[in-house]
Amino acid sequence: MADGMIDVASRLTEVRSRIERACAASGRSTRTVQLVAVSKFFSSEAIAAAASAGQRDFGENYVQEALAKMGRADQTAGRRLRWHFIGPVQSNKTSAIAACFDWVHGVERLKIAQRLSAQRPDELPPLNVCVQVNVSGEASKSGCQPDQAQALCAAVARLPRLRLRGLMCIPEADTASVRPAFAGLRALLEDIRARALASTYRDDFDTLSMGMSADFELAIAEGATLVRVGSAIFGPRPTSQLLHTANPNQR
Ligand SMILES: *Cc1c(COP(=O)(O)O)cnc(C)c1O
């Protein structure tokens, strides 16, 4: 086994035990937190190394890069991995995303949700989505405003080929406001659930997709049910996606 793969496996083990410790510290069961390994800019071999160490869920930010790696990663892993689209969703990419991903975390406009629903292939189960909320105020530009989240969620929940699973946020890392931002997202989810008619949402509208390498323990302390962790598993990221997409032998 190549050194890099041993590194991925041991870092993955380390991240899992950090998740266990964070859960224990909050009196939560480890099973309440799902780990998505963020593999953007990393090769399908690195993904396969994580998959053979038991990792099933992977996150990607760029459609073309992801499509170039997915088939090969699934094949090398010997099973179908679960793919999460975590980048900003552009409307000209919704069809590829709806066809190839299991989850989309960054839904921030109804128009995008409508396209994803209309373009989700009939033979696949409904696409799992989270509504992204801007909980950091001016510091961040992506995500709907908290006061729009309720209406957006209610509209998304009605789309036939989507399954609304929860809320997602990306607060600015390494600032004192990260923890209040996580707490704010949890309060918002609770509020939306509490104010809705029982028929509006399914029971599995309960995902809090929050926390990355720098802050996933804080996110777990504030109720994260899904953490998106990249560099703590795969190592420092190459600075540019071009390093990978420039490489034509990825498929
Ligand atoms: C890149 C990325 C991550 C992972 O970041 P790390 O700091 O490497 O853990 C998580 N979420 C989103 C939305 C990302 O773009």
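The largest cavity in this predicted model has a volume of about 30 Å³. The structure holds 1 cavity of 30 Å³ or more. Its lining is formed by Val89, Gly106, Glu108, Arg109 and Ile112. By class, these residues of the cavity lining comprise 2 nonpolar, 1 polar and 2 charged. Glycine is counted among the polar residues in this division, and Gly106 is one of the residues that line the cavity.

The largest pocket encloses about 220 Å³ of space. It is lined by 16 residues, of which Val38, Lys40, Met212, Arg228 and Arg237 are the closest to the pocket centre. The lining of the largest pocket divides into 8 nonpolar, 4 polar and 4 charged residues.

The largest pocket is also the site in which the ligand sits. The shell around the ligand consists of Val38, Lys40, Asn61, Ile86, Ile170, Met212, Ser213, Arg228, Val229, Gly230, Ser231 and Arg237. Of the residues in this shell, 5 are nonpolar, 4 are polar and 3 are charged. Val38, Lys40, Met212, Arg228 and Arg237, which lie closest to the centre of the largest pocket, also belong to the ligand shell. The shell further includes the run Arg228, Val229, Gly230 and Ser231, as well as Met212 and Ser213.

Polar contacts to the ligand involve both side-chain and backbone atoms of the protein. Asn61 places a polar side-chain atom 2.7 Å from an oxygen atom of the ligand. A ligand oxygen atom is also found 2.8 Å from a backbone N or O atom of Gly230. In the side chain of Arg228, an N or O atom lies 2.9 Å from a nitrogen atom of the ligand. On its own, the ligand has 390 Å² of accessible area, and the protein covers 90% of this area.

Taken together, the ligand occupies the largest pocket, with Asn61, Arg228 and Gly230 each supplying an atom to a polar contact. Among these residues, Arg228 is also one of those closest to the pocket centre.

Conventions. Residues numbered from 1 in each chain as written. Predicted model: local features only at pLDDT ≥ 70, side-chain atom pairs only at ≥ 80, totals over all residues. Heavy atoms only, no water. 1 Å grid on protein atoms, 1.4 Å probe; cavity = no way out; pocket = protein on both sides within 12 Å on 5 of 7 lines; lining within 4 Å. Points joined across faces, edges and corners; volume = space filled by probe spheres on them. Near = heavy atom within 4 Å. Polar contact = N/O pair within 3.5 Å; in protein donor to acceptor, adjacent residues only side chain to side chain. Areas by Shrake-Rupley, 256 points an atom, 1.4 Å probe, with all protein chains shown as cover. Sits in = over half its atoms within 2 Å of the grid points.
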